[in-house]
Amino acid sequence: MQINVSQQLKAPIGSIRDYVVNEIVDIADGNSPVQGELRLMRTDRSILAKGTLHTEIELTCSRCLSSFSCPLTLNIEEEYFPTSDTVTGASLPLPDEPGCFTIDEYNILDLTEAIRQYALMAIPMKPLCGEDCAGLCPTCGCNLNQVSCNCPPKPADSRWSELGKLVLGNQASVNEQKGTE
Ligand SMILES: [Zn+2]
Ligand SMILES: [Zn+2]
């Protein structure tokens, strides 16, 4: 997501350019479509990028563990600082702000990193495939969105967890036997 801003850097303070964004961006180990509108404004020291972008990324539901496409809205507002003077080519001092975004020596403003950071911040802590996701049955593990089971509603009995350990123990010994063959 790169924009050449050489003309806008020469333009007077306050001048505005509007862009329609329709890009594929690598956000979290996957290419996500990013769409929306972006406004670039020349300020006295930078180019201010502001806009609302929409994307979606593949997440795992925290209740039913199925993967689903989660829509995200990114309200981007970031200043991009030029690293060199567009007329003389002399390098410019950057503001004393850690991690500030820059425009490179070819006058390219690259939004990719900002989109990535905003998207990662927008990911919900406990993603849900739907508000009413029924989750997994704690007893048999079936996905209650897809099937219903006849398990008793309150299986939190210690005997069941003992049984669970037994089953896991048996599996472990089976695996060991396989390993020695
Ligand atoms: Zn779910
Ligand atoms: Zn069940």
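Two strands are said to pair if DSSP finds at least two bridges between them. The views below show a predicted model.

**View 1. Strands β2 and β3 pair in an antiparallel hairpin.** Strand β2 covers residues 16-26, and eleven bridges join this strand to β3. The two strands run antiparallel. One of these pairings places V21 opposite G36, its bridge partner in β3. Four residues lie between the two strands of the hairpin. Within this turn, D29 has a positive phi of about 55 degrees.

**View 2. Strand β3 has a covered face and an uncovered face.** The strand comprises residues 31-42. S32, V34, G36, L38, L40 and R42 make up the covered face. The uncovered face is formed by N31, P33, Q35, E37, R39 and M41. G36, a residue of the covered face, is the bridge partner of V21 and also has a bridge partner in β4, namely L53.

**View 3. Strand β3 pairs with strand β4.** Strand β4 consists of residues 47-60 and is antiparallel to β3, with nine bridges between the two. Their connection is a hairpin that passes through four residues. G36 and L53 are one of the bridge pairs that link these strands.

**View 4. D44 occupies the loop between β3 and β4.** Is D44 buried or exposed? The relative accessibility of D44 is 63%, and the residue therefore counts as exposed, since the cut-off for this class is over 50%. P12 is 32 residues away from D44 along the chain, yet the C-alpha atoms of the two residues are separated by 8.6 Å.

**View 5. Four cysteine sulfur atoms hold the zinc ion (ligand 2).** The protein donors are the SG atoms of C137, C140, C149 and C151, which lie 2.2 to 2.3 Å from the ion. Why is the arrangement tetrahedral? The four donor atoms subtend angles of 107 to 112 degrees around the zinc ion, and the arrangement is therefore tetrahedral; this class requires all angles to lie between 85 and 135 degrees. Along the chain, the donors follow the spacing C-x2-C-x8-C-x1-C. C137 and C151 both lie in the loop between α2 (112-122) and α3 (158-180), so this pair ties together parts that are 14 residues apart in sequence.

**View 6. The zinc donors C137 and C151 are shown with their accessibility.** C137 has a relative accessible area of 7% and is therefore buried, as the limit for that class is under 20%. C151, with a relative accessible area of 24%, is partly exposed.

Terms used
Residues are numbered from 1 along each chain as its sequence is written. Chains are lettered from A and ligands numbered from 1 in the order in which they are written. This is a predicted model: local features need pLDDT of at least 70, side-chain atom pairs count only at pLDDT 80 or more; totals for chains, interfaces and linings use all residues. Side-chain values use heavy atoms; hydrogens and water are left out. Buried means under 20% relative accessible area, exposed over 50%, partly exposed in between (1.4 Å probe, protein chains only). Donors are N, O and S atoms within 2.8 Å of the metal (3.2 Å for Na, K and Ca); water is not among the atoms, so sites may look incomplete. Four donors count as tetrahedral if all angles lie between 85 and 135 degrees; four count as square planar and six as octahedral if opposite donors are over 155 degrees apart and all others between 65 and 115; anything else is irregular.
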